[in-house]
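Subject: The structure, and what I found in it

Hi,

Here is the structure I promised to pass on. Have a look at it first, and then read on for my notes.

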Amino acid sequence: MSDLMKEREELAEIDRQIMALVGRRNAAAEKIGIAKALANEGVVVPQVEKIVVERYVEEGKKHGVSAATASRIARAVIDESVDVQGRVPRSAAPKKIFIVGGNGGMGRWLSDFFHARGHAVSILDVNPAGAKYPFEDFVTGCKSDVIIVATPVDVSREILEKVFAENTDALIFDILSVKSPVESVLIKAAADGRRVCSVHPMFGPCAPSVAGRNIIVADCGCVSANCDAAELFSGGTILEMPILEHDKAAAYVLGLSHAVNLAFSDALVSSGFSFKELSDAASTTFRKQVAVSREVSLENAELYYAIQRENPKNSSALEKLEEAVRRVRKLPRDEFISMMHKEAEWYLKDEQSLGEERLRGCLSQP
């Protein structure tokens with residue numbers, strides 16, 4: 001065996017040891033997750049994560065590992081631990097949950113999620129193929145404790161109105177990425193005394209857990225519904241906001257971010273270069289941008305179209321993007337530099353309060 005092959009075999013053995021250690025770390029993290037679940041504590045603790053990152057950086061110094069690499073490794077194992085802990089079932093009073101659209105992407109995710117937490121799940125869907133959970137007719141399903149509408153934007157208002165026409169005191173919410181089409185019917189239902197709110201999981205069906213991921217609970221006027229919905233998603237990071245504010249924020253965190261990545265990919269497609277040709281010459285920034293844009297391009301095109309077209313607040317966000325592109329192209333040197341400095345200040349001013357919090361997940365999902 002050549003010296004080169006021996007060195008490669010040593011690397012392979014070290015890699016195996018690293019994976020064994022990560023597995024051992026995950027086992028320890030799972031025990032912590034069980035304790036957190038029993039105490040109904042949150043999974044993500046930014047102060048602890050900061051200590052872990054610092055520990056990796058300090059240990060890295062002792063072994064010739066750069067601070068940047070040590071931080072990336074720390075972030076990777078922390079994220080893995082968070083998902084391990086997030087998958088630990090949390091005890092909850094068993095409820096009967098009926099999911100309209102329960103055999104779609106997020107419908108299946110919700111079904112699995114609630115089933116794992118001990119709830120009885122039934123579904124209704126126009127596509128029964130491959131369903132894991134029992135189907136139930138609409139009227140019977142509406143006698144459940146919780147009714148979730150996980151259908152496309154264009155039919156959700158009609159379905160919600162049908163739900164509200166039933167004599168039910170169930171907790172009712174949708175999971176739409178765009179709330180404008182259903183705002184008025186939800187607000188009216190809450191005013192009429194229905195236990196209703198609106199939920200938006202800020203991730204897609206590839207998310208392994210809710211831990212470390214944002215879930216918006218949009219207030220329609222029923223405080224108890226907000227609390228009950230938040231409890232159903234315990235372990236996630238819950239953000240409550242008025243439903244009329246939702247689409248304003250979504251225009252930036254979804255509409256704008258999706259548009260940037262879709263436009264970036266579209267520009268590459270029309271560049272005349274192949275993906276391989278550009279990847280071979282890639283800069284660090286290009287690689288990072290491509291990684292996100294590629295994920296976006298592989299997502300549900302119909303859903304992303306709805307997010308762009310159905311949210312009336314998107315126009316303002318995209319106009320700001322168009323203005324920004326023009327400034328990047330035309331600003332004189334000093335103004336360009338000043339713009340970049342202002343951008344850096346905008347990111348950095350909240351850094352201390354955010355700590356080590358990060359944007360995680362399949363936001364490949366909406």
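Let me begin with a question: is valine 121 buried or exposed? With a relative accessible area of 8%, valine 121 is under the 20% cut-off, so it counts as buried. Please bear in mind that this is a predicted model.

**More on valine 121**

You will find valine 121 in strand 2, which covers residues 120-124. If neighbours within four places in sequence are left aside, its contacts are Ile97, Ile99, Ser111, Phe114, His115, Tyr133 and Pro134. For a sense of distance across the model, try valine 121 and aspartate 266: they are 145 residues apart in sequence, and their C-alpha atoms are 41 Å apart in space.

**The chain as a whole**

The chain has 366 residues, and 39% of them are buried. Its secondary structure comes to 15 helices and 7 strands. Along the principal axes, the C-alpha trace spans about 75 × 55 × 40 Å. The accessible surface is about 21100 Å², with 57% of that belonging to carbon and sulfur atoms. I also looked at contacts between residues at least 6 apart in sequence: 69% of these join residues at least 24 apart.

**The second largest pocket**

How much space lies in the second largest pocket? The figure is about 1000 Å³. The pocket is lined by 37 residues, and those closest to its centre are Gly104, Ala150, Thr151, Pro152 and Val153. Four elements give two or more residues to the lining: helix 4 (105-116), helix 6 (153-165), strand 5 (196-201) and helix 12 (301-310). Of these, helix 12 supplies the largest share, with 6 residues. Sorted by type, the lining has 20 nonpolar residues, 11 polar ones and 6 charged ones.

**Arginine 108, in helix 4**

Since helix 4 came up with the pocket, here is one of its residues. Arginine 108 is found in helix 4, and at 40% relative accessibility it counts as partly exposed. Beyond its neighbours within four places in sequence, arginine 108 is in contact with Gly102 and Asn103. Arginine 108 and isoleucine 123 are 15 residues apart in sequence, and 9.3 Å separates their C-alpha atoms.

**Salt bridges**

How many salt bridges does a search of the whole structure find? The search finds 16. As a reminder of the chemistry, side chains of opposite charge can pair when their charged atoms come close. Three of the pairs are described below.

- Glutamate 245 and lysine 248 form a salt bridge whose closest N and O atoms are 3.4 Å apart. The two residues are 3 residues apart in helix 9 (residues 243-269), so about one helical turn separates them. Glutamate 245 is partly exposed, at 37% relative accessible area, and lysine 248 is partly exposed too, at 39%.
- Glutamate 9 and arginine 16 meet through their side chains in a salt bridge, at 2.9 Å from N to O. Glutamate 9 is partly exposed, with a relative accessible area of 41%, and arginine 16 is also partly exposed, at 45%. Salt bridges that share partners join Glu9, Glu13 and Arg16 into one network.
- Aspartate 192 and lysine 188 meet in a salt bridge as well, with 2.8 Å from N to O. Here aspartate 192 and lysine 188 are both exposed.

**Asparagine 40**

One last residue to look up is asparagine 40. Where is asparagine 40 placed? It lies in the loop between helix 1 (3-39) and helix 2 (46-62). Its phi is near 55°, a positive value in a residue other than glycine. Is asparagine 40 buried or exposed? Its relative accessible area is 54%, and the cut-off for exposed is over 50%, so asparagine 40 is exposed.

If you open the model with these notes beside you, valine 121 in strand 2 and asparagine 40 in its loop make a good pair to look at together: valine 121 is buried, whereas asparagine 40 is exposed.

Best wishes

Notes. Residues numbered from 1 in each chain as written. Predicted model: local features only at pLDDT ≥ 70, side-chain atom pairs only at ≥ 80, totals over all residues. Heavy atoms only, no water. 1 Å grid on protein atoms, 1.4 Å probe; cavity = no way out; pocket = protein on both sides within 12 Å on 5 of 7 lines; lining within 4 Å. Points joined across faces, edges and corners; volume = space filled by probe spheres on them. Nonpolar A, V, L, I, M, F, W, Y, C, P; charged D, E, K, R; others polar. Salt bridge = Lys/Arg side-chain N within 4 Å of Asp/Glu carboxyl O. Buried < 20%, exposed > 50% of the residue type's maximum accessible area, 1.4 Å probe, protein only. Contact = heavy atoms within 4.5 Å. Areas by Shrake-Rupley, 256 points an atom, 1.4 Å probe, with all protein chains shown as cover.
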